[in-house]
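Me: I would like a close look at a single part of this protein: the nonpolar core and the sheet beside it. Please keep to what can be computed from the coordinates.

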Amino acid sequence: EINGNEWSNIRKTSNHYYSGKHSGIVGADMEYGLSYKTNKMAELTKGIRTLVFSSYFFKDKEQINNCEVVVSINEDGKSVYYKSYDLQKQLKKINKWEKVDLMFQLPQIKNNDYEFAIYLWNRGKTNLGIDDFGFKLF
């Protein structure tokens, strides 16, 4: 269950889901989908970390345009890390839930004035289902 002040752009549906009784959706009217932002990840200040992202996605048409999973870190108001993966390259199936696993190598953060973010950037205004959205740091 996604809850807490760190999460935003949460839109749920019970029409279709991979697990549980509902899933998230990114609608064609949303530039940004499900997002997590925080400045409370002490692990980032202790050294270089690997972030492993995993989620199930559902697309109902062949082409999804410009919908990306993005990880960014700003430190002292400046970008120190930005990496994105285009979901069009990750998702091959239509009308089926498909698991996407991604890896991000994160730099060490030098001070406490930072913001970590992971989010869906839906520049192409795609409709997409999301379930079991999660990540871990190693």
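Reply: The following account takes the core, then the sheet, then a surface patch.

This is a predicted model, in which local features need pLDDT of at least 70, side-chain atom pairs count only at pLDDT 80 or more, and totals for chains, interfaces and linings use all residues. Residues are numbered from 1 along each chain as its sequence is written, and side-chain values use heavy atoms, with hydrogens and water left out.

The largest nonpolar core (buried Ala, Val, Leu, Ile, Met, Phe, Trp, Tyr and Cys residues joined through side-chain atoms within 4.5 Å; buried means under 20% relative accessible area, exposed over 50%, partly exposed in between, with a 1.4 Å probe and protein chains only) has 30 residues. Those touching the most other members are Phe 53, Phe 57, Leu 87, Phe 104, Leu 106 and Phe 116. Two or more residues each come from strands E4 (32-38), E5 (49-58), E6 (67-75), E8 (97-106), E9 (114-122) and E10 (128-137); strands are DSSP runs of at least two residues, numbered from the N terminus. Beyond its neighbours within four places in sequence, Phe 53 has contacts (heavy atoms within 4.5 Å) that include Val 69, Phe 104, Ile 118 and Phe 135.

An open antiparallel sheet of 5 strands runs in the order E2-E3-E10-E5-E8, where pairing requires at least two DSSP bridges. E2 (12-13) and E8 are its edge strands, each pairing on one side only. E2 is joined to E3 (residues 23-26) by 2 bridges, and Thr 13 has Ser 23 as its bridge partner.

Val 52 lies in strand E5 and counts as partly exposed because its relative accessibility is 30%.

Conventions. Helices (H or I, at least four residues) and strands (E, at least two) are DSSP runs, numbered from the N terminus.
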